[in-house]
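Work through the exercises below with the coordinates open. Each task is followed by a solution in steps.

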Amino acid sequence: MDNSAAMKRFSKLVRTINAECREDQPADANGKKPPRPEDVPGYEEQPVDGYGPDNPPPTIDGIGPDPNSSEGPPEYYTSELKPRDFEAIPLDTEDQCIADKHADRIREGFGGKGTSSAKGLRSKLMELDYPVSGIHAMPAQGGPPRVRLDLRIDSQAALEIVGTSSTLIVEPFGAVAAASLKITDVKRKPGLDAPSS
């Protein structure tokens, strides 16, 4: 389980990169840029600690999901995923920017070298302030170790990272931003699951 300090560092990292990418977005035909998060009602300056038994999620007028309930969330809080939701989706320019900035940061953090185990990939990503809850090992399929990094916080960006002892391959892809869609269940087109350098 992630500790609150790691989640705060990750939240700050995501906010910084997302803000940089929003600033880089071109204005629309009317000269308006996309709104910054701090301009949207409800924006919080400080990252929120993770939810848990001592910190339940907020409710609407006292009604909402009970984290201690064995019945699960009310029906109106859930939505059924459709088959197309499991397919990787194209990234828009903002999400592509977000994915690329994280990918560049990871490549730099690894120093151009990979690692020959999923555990090694996970450990190095955690050193780079990515929380363990966002790093997911993928079946090796007889090849080098692969993990997926879930960046779907205010975006639809994700990364697939493949490592060997001599190289690291980082590929951005998009996934529907639904809490019920595990990043490991996203289906990518053939050839992308076994990238080549």
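Two strands count as paired if DSSP finds at least two bridges between them. The model is a predicted one.

**Exercise 1.** Determine how β2 and β3 are joined, and in which sense they run.

Solution.
1. Five bridges join β2 to β3, and pairing requires at least two.
2. The two strands run antiparallel.
3. One position to check is Arg 146, whose bridge partner in β3 is Val 162.
4. Six residues lie between the strands of this hairpin, where Asp 154 takes a positive phi near 60 degrees.

**Exercise 2.** Find how many bridges join β3 to β4, and describe the connection.

Solution.
1. Strand β4 covers residues 168–174, and seven bridges join β3 to it.
2. This pair, too, runs antiparallel.
3. Pro 172 in β4 stands opposite Leu 159.
4. The hairpin formed by β3 and β4 has four residues between the strands.

**Exercise 3.** Sort the residues of β3 by the way they point, and state whether they are buried or exposed.

Solution.
1. In a regular strand, side chains alternate between the two faces of the sheet.
2. Ala 157, Leu 159, Ile 161 and Gly 163 point one way from β3.
3. Ala 158, Glu 160 and Val 162 point the other way.
4. The cut-off for buried is under 20% relative accessible area. Seven of the seven residues of β3 (157–163) are buried, Glu 160 included.

**Exercise 4.** Locate the buried residues of α1 and identify what covers them.

Solution.
1. Helix α1 spans residues 4–23, and its 20 residues reach 28 Å from first C-alpha to last, close to the 28 Å expected at 1.5 Å a residue.
2. The buried residues are Ala 6, Phe 10, Ser 11, Leu 13, Val 14, Ile 17, Asn 18, Cys 21 and Arg 22.
3. These residues lie on the same side of α1 because they cover an arc of only 165 degrees around the axis.
4. An α-helix has 3.6 residues a turn, so residues three or four places apart point the same way.
5. The cover includes α2 (93–110) and β2 (146–150).

**Exercise 5.** Place these elements in the whole chain: what pattern does the chain follow along the sequence?

Solution.
1. There are three helices and four strands, in the order α-α-α-β-β-β-β.
2. Of the 197 residues, 31% count as buried.
3. Among contacts between residues at least 6 apart in sequence, 57% join residues at least 24 apart.
4. The chain exposes about 12,200 Å², of which carbon and sulfur atoms supply 52%.

Methods:
Residues numbered from 1 in each chain as written. Predicted model: local features only at pLDDT ≥ 70, side-chain atom pairs only at ≥ 80, totals over all residues. Heavy atoms only, no water. Buried < 20%, exposed > 50% of the residue type's maximum accessible area, 1.4 Å probe, protein only. Contact = heavy atoms within 4.5 Å. Areas by Shrake-Rupley, 256 points an atom, 1.4 Å probe, with all protein chains shown as cover. Expected span 1.5 Å × (residues − 1). Arc of directions from axis to C-beta.
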